[in-house]
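The following exercises are to be worked with the sequence and the structure at hand. Each task is followed by a solution in steps.

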Amino acid sequence: MPSQTPPLSERLNQLQKSLRETPVVELNEEGIRLFAKLEYNNPFGSLKDRPAFWMLKMAVERGEVTQDATLVESSSGNFANAMASYCRLLGLKFIPVIDPNIAGANEAYLRRMCETVAKVEERDETGGFLKTRLRKVQELLSSLPVSYWPNQYGNPLVAEAHYRFTGEEICRAFKQVDYVFVGVSTGGTIAGVSTRVKEQFPHAKVIAVDAEGSVIFGGAPKKRYIPGIGASVRAELVDRALIDDVVMVPEIETVRACRELLFRHGLLVGGSSGSCYAAVKRYLPAMRSMSPPNVVFLCADKGGAYLDTVFNDSWCSRLEQ
């Protein structure tokens, strides 16, 4: 007699064991004690593993996702990779909605993991793709008999995941935190991390890092090419974050920072990580003191998916035009 498949909730409890604490490494930077939290050590390669798992777990426990549901979500790459991976392990259907800025390796992975991948090609009125992706999500949801939209742009569970996991781990790793630099896109990471860090270290400064051309903090919209940071719509989760300052980073500066992290510090990381490091460098004059402050920044994903873009001179020439 064949064994029965365990319920979704039981399988999710087993999968949670793979969400281990991610390491923190110290980098040599004059005048500060700089630490990189390597979120790319999550099971599927990015900090988005945490909210993807947590949102799925809560949705199953609440009865919002059952075995016959199809999940649909807009993503620039990492969240879709994480959700696709968890859904594949659980036997759930998932349709990611992506755009041309996605890293080629991430798109290839999604096309291997998912039966259907929806890719929009038209930029929205701000020059980005987010509004176009979200319109496609709604179109797909209305066409499916049983569907679920995690909504990483507005679901408070994203912030809760980073409060419970990412932020909590930072608090355990340090006796004192003075500055935390977090890349912003959906706003969930900085909302969760900032809340937990400031509970433990009330005087810590949380610095939001955004891309030039993003509208999150009121900047003028323009075309952006590096995924994972910035947005053409301000997500409501940003309003939950406890932010002390914002640093806007040009994409060409992100490229230089990614390469410095690789060739000087031995870290092969992606665009949002490079943006955070670039923001740290810009902020150095304000942070240097007689007693070097503890400065933490998040490395959201590895740089392997960006070898054809951020680490490709020919591709990067478009950023200087």
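The exercises below treat strands, helices, cores and one loop residue in turn.

The model is a predicted one, in which local features need pLDDT of at least 70, side-chain atom pairs count only at pLDDT 80 or more, and totals for chains, interfaces and linings use all residues. Residues are numbered from 1 along each chain as its sequence is written, and side-chain values use heavy atoms, with hydrogens and water left out.

**Exercise 1. Determine how the residues of strand 3 are placed, buried or exposed, and which way they point.**

Step 1. Helices (H or I, at least four residues) and strands (E, at least two) are DSSP runs, numbered from the N terminus. Strand 3 comprises residues 70-74.

Step 2. Apply the accessibility classes: buried is under 20% relative accessible area, exposed is over 50%, and partly exposed lies in between (1.4 Å probe, protein chains only). Five of the five residues of strand 3 are buried.

Step 3. Assign the directions. T70, V72 and S74 point one way, while L71 and E73 point the other way.

**Exercise 2. Establish the order of the strands in the open sheet of four strands, and state which strands stand at the edges.**

Step 1. Two strands pair if DSSP finds at least two bridges between them. Strand 3 pairs with strand 4 (residues 93-98) in the parallel sense over five bridges; T70 has K93 as its bridge partner there, and S74 stands opposite V97.

Step 2. Strand 3 also pairs in the parallel sense with strand 6 (residues 147-148), over two bridges. Here L71 stands opposite Y148.

Step 3. The order is 5-4-3-6, with parallel pairing. Strand 5 (118-119) and strand 6 stand at the edges; each has a single partner strand, so one side of each is left without a neighbour in the sheet.

Step 4. Add the helices, taking contact as heavy atoms within 4.5 Å. Axes are lines fitted to C-alpha atoms, for helices over the stretch in contact, and angles run from 0 to 180 degrees between N-to-C directions. Helix 3 packs on the sheet, touching strand 3 and strand 4, and its direction makes about 170° with that of strand 4. Helix 5 (residues 130-143) touches strand 3, strand 4, strand 5 and strand 6, and its direction makes about 165° with that of strand 3.

Step 5. Follow the connection. Strand 3, helix 3 (residues 78-90) and strand 4 make a right-handed β-α-β unit; right-handed means that, with the strands pointing away from the viewer, the path from the first strand over the helix to the second runs clockwise.

**Exercise 3. Describe the partners of strand 7 and explain why strand 7 is largely enclosed.**

Step 1. Four of the five residues of strand 7 (residues 179-183) are buried, so the strand is largely enclosed by the rest of the structure.

Step 2. Strand 7 pairs in the parallel sense with strand 8 (residues 205-211) over five bridges, and V180 stands opposite V206. The chain passes from strand 7 through helix 7 (residues 188-200) to strand 8 in a right-handed β-α-β crossover.

Step 3. Strand 10 is also paired with strand 7 in the parallel sense, over three bridges. Y179 stands opposite V295 in strand 10.

**Exercise 4. Identify the residues with the most contacts inside the largest nonpolar core, and relate helix 2 to this core.**

Step 1. A nonpolar core is a set of buried Ala, Val, Leu, Ile, Met, Phe, Trp, Tyr and Cys residues joined through side-chain atoms within 4.5 Å. The largest has 36 residues, and those with the most contacts inside it are L56, V65, L71, M83, L92, F94 and L110.

Step 2. Helix 2 (49-61) is among the elements that give two or more residues to this core. Twelve of the 13 residues of helix 2 are buried, and the buried ones pack against helix 1, strand 3, helix 3, strand 6 and helix 6.

Step 3. Inspect L56, one of the buried residues of helix 2. Its contacts, leaving aside neighbours within four places in sequence, include L12, V65, L71 and M83.

**Exercise 5. Classify P292 by accessibility and list its contacts.**

Step 1. P292 lies in the loop between helix 9 (271-287) and strand 10 (294-299).

Step 2. P292 counts as partly exposed because its relative accessibility is 42%.

Step 3. Leaving aside neighbours within four places in sequence, P292 is in contact with G31, I32 and R33.
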